[in-house]
Amino acid sequence: MTSINLADRTVDLGEWARRTPDATFEFTRAVREWLAQNLVGEFALLKGRGGPGSEHEFFAERLAWDRHLAASGWTCLGWPTRYGGRGATLEQRIIFHQEYARANAPARVNHLGEELLGPTLIEFGTEEQKQRFLPGIVDVTELWAQGYSEPGAGSDLAAVSTTARLADDGRWHVNGQKIWTSLAHVAQWVFVVARSEPGSSRHTGLSFLIVPLDQSGVTVRPIQQLTGTSEFNEVFFDDATTEADLIVGAPGEGWAVAMGLLQFERGVSTLGQQVGFARELDAVTEMARANGTLDDPEIATRLVRARIRLRAMRANAQRTLDGDAASSGGTWGAAAAAGAASVAKLLWANWHRDLGELAMAVAGPASLIGPTETVEGRRNEIADPEHVELDEWQRLFLFTRADTIYGGSNEVQRNIIAERVLGLPREARE
Ligand SMILES: Cc1cc2nc3c(=O)[nH]c(=O)nc-3n(C[C@H](O)[C@H](O)[C@H](O)COP(=O)(O)OP(=O)(O)OC[C@H]3O[C@@H](n4cnc5c(N)ncnc54)[C@H](O)[C@@H]3O)c2cc1C
């Protein structure tokens, strides 16, 4: 079985680059050269660091790396130049993410600011809010957290019960609890969906507020995850306050802003993500070759299937982006566009979770024990010093259990596809 062709490891730039003119190739060359010349020296040890389950690794160094990127104009590429971006095209943004992943550059620390809050402010914010907050995202001096989920409101975000009240002191007073708040322990700001109209229900009466985390009314308590690390937190608001004008959109109309932000969540970075997936699959394949499990027909078949599914995923992502680029023209209908993000999420989340399981099967009994060596900087930065340090495959296996939950769970994605694309009857709701 070792003769099975598991080649095709090279992840090329895809159809985008092949179809685009010289300027795009020049852009590709510029990105590639910059990464080759800069991901060296003190930054070289950051290669491959900070991914899922390893967000604690080398945080300060990765922050320095992000600021280094910013100093050369490689953050917020797609933003208009007047807000500090490059006004990059869709193709250029895809190429940047692919090249970034190909160079094995570290996970970015301000994804939530750059990919979610920034674009939302550009679309919904006031000019004052843009001037106040966008520069801090571009130069990575202010980090952000997303305060949507609550203990009683996750998939069903309209059930949020955190309240916001504009008091006589001219400030919003926020009370309630958020949960699963990624990176709140390192961020300066959180954007919060809160109920600002007493007695309102569901999608009405909500407001989208920007709240500083560094204040006495806010308590951030890390949650230890399966991996032993703490990427997310509980955030308690106990009469926390924020300025009256730090509301995005009109009071009581935060739902539209909150939903607008989620559209940015499924951005072009997914094509870069797939370059990382290909690297992980290559490494699992190498592990199978090295420990002999590649001779096991079942393992070999799973590896081949994973590679085929990865190709299908890439084809689907490109088709989706083609559809976006072609807007409503051709065969790409509005219903398909609405469901495309859900199809993409289902494909990648389940692929990645399955890869974690496959890695455990390939590692065999060795996957049941902790590694004997601790890599510098990988020691958990958590309260539990007894926690066993995991190797990269154990971390992948455990963290990818979350992939099918965050950003909309499998079940929620299937509901969207069923109702909005296939036109099946809506599920019963209160
Ligand atoms: C790693 C990670 C990071 C996260 N980061 C953040 C963050 O930074 N900020 C933030 O606000 N949130 C964050 N979340 C929270 C995430 O958005 C929620 O976990 C997700 O929305 C699901 O909500 P829930 O956990 O309350 O589960 P629930 O909504 O209670 O769902 C429980 C189960 O019921 C299923 N279910 C729910 N509704 C339906 C339905 N209508 N039909 C069929 N099945 C259904 C779900 O699929 C799931 O299996 C993060 C989560 C994870 C895992």
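Which residues of α2 are buried? That is where I would start reading this predicted model, and the notes below go on from there to the strands, two backbone oddities, the charged pairs and a surface patch.

1. **Helix α2, the buried side.** The buried residues in α2 are Thr24, Phe27, Thr28, Val31, Trp34, Leu35 and Asn38. They line one face of the helix, because their directions, viewed down the axis of α2, stay within an arc of 135 degrees. Threonine and asparagine thus appear on the buried list beside residues such as Phe27 and Trp34.

2. **Helix α2, the other side and the length.** Turn the helix around and you will find Asp22, Ala36 and Gln37, exposed residues on the face directed away from the buried side. The helix covers residues 22-38, 17 residues in total, and its first and last C-alpha atoms are 24 Å apart, close to the expected 24 Å at 1.5 Å a residue.

3. **Strand β1.** Is this strand covered on one face or both? Both: Trp144 and Gln146 are buried on one side, and Ala145 and Gly147 are buried on the other. The strand spans residues 144-147. Its parallel partner is β4 (residues 189-195), with four bridges between the two. If you want a place to look at this pairing, try glutamine 146, which faces phenylalanine 191 of β4.

4. **Strand β7 and its partners.** Strand β7 (residues 233-243) pairs with β3 in the antiparallel sense, over eight bridges. It also runs antiparallel to β6, to which five bridges join it. Phenylalanine 236 in β7 is a handy landmark for both pairings: glutamine 177 stands opposite phenylalanine 236, and threonine 219 stands opposite phenylalanine 236 as well.

5. **Two residues with positive phi.** Please have a look at valine 140, which is not a glycine and yet has a positive phi of about 60 degrees. Valine 140 sits in the loop that leads from α6 (127-138) to β1. With a relative accessible area of 1%, valine 140 is buried. Leucine 183 is another non-glycine residue with positive phi, here near 65 degrees. Leucine 183 belongs to the loop between β3 (171-178) and β4, and its relative accessibility of 17% puts it among the buried residues.

6. **Salt bridges, starting with aspartate 66.** How many salt bridges does a search of the whole structure find? The count is 18. One of them joins aspartate 66 to arginine 108, with 3.2 Å between the closest N and O atoms. Aspartate 66 is in helix α3 (residues 59-71) and arginine 108 is in the loop between α4 (90-102) and α5 (111-124), so this pair ties together parts that lie 42 residues apart in sequence. Aspartate 66 is buried at 1% relative accessible area, while arginine 108 is partly exposed at 22%.

7. **A pair between strands.** Glutamate 234 and arginine 221 form a salt bridge too, their closest N and O atoms being 3.6 Å apart. Since glutamate 234 lies in β7 and arginine 221 in strand β6 (residues 218-222), the pair ties together parts 13 residues apart in sequence. These are the strands joined by five antiparallel bridges. Glutamate 234 counts as buried at 18% relative accessible area, whereas arginine 221 is partly exposed at 45%.

8. **A network, and a pair with contrasting ends.** Arg32, Glu99 and Arg102 are linked in a network of salt bridges. Elsewhere, arginine 426 forms a salt bridge with glutamate 419, with a closest N to O separation of 3.7 Å. Is arginine 426 buried or exposed? Arginine 426 is exposed, having a relative accessible area of 60%, but glutamate 419 is buried at 15%.

9. **A nonpolar surface patch.** Finally, Val421, Leu422 and Leu424 make up a nonpolar patch on the surface, and together they have about 260 Å² of accessible area. Leucine 422 is located in the segment after α12 (410-421). Its relative accessibility is 57%, so leucine 422 counts as exposed.

Notes. Residues are numbered from 1 along each chain as its sequence is written. This is a predicted model: local features need pLDDT of at least 70, side-chain atom pairs count only at pLDDT 80 or more; totals for chains, interfaces and linings use all residues. Side-chain values use heavy atoms; hydrogens and water are left out. Patches are made of residues with over 30% relative accessible area and no salt bridge: like charges are joined within 9 Å, nonpolar side chains (Val, Leu, Ile, Met, Phe, Trp, Tyr) within 5 Å. Accessible areas come from the Shrake-Rupley method with a 1.4 Å probe; for residues, only the protein chains shown count as cover. A salt bridge is a side-chain nitrogen of Lys or Arg within 4 Å of a carboxyl oxygen of Asp or Glu. Buried means under 20% relative accessible area, exposed over 50%, partly exposed in between (1.4 Å probe, protein chains only). Two strands pair if DSSP finds at least two bridges between them. The expected span of a helix is 1.5 Å times one less than its number of residues. The arc is that of the directions from the helix axis to the C-beta atoms.
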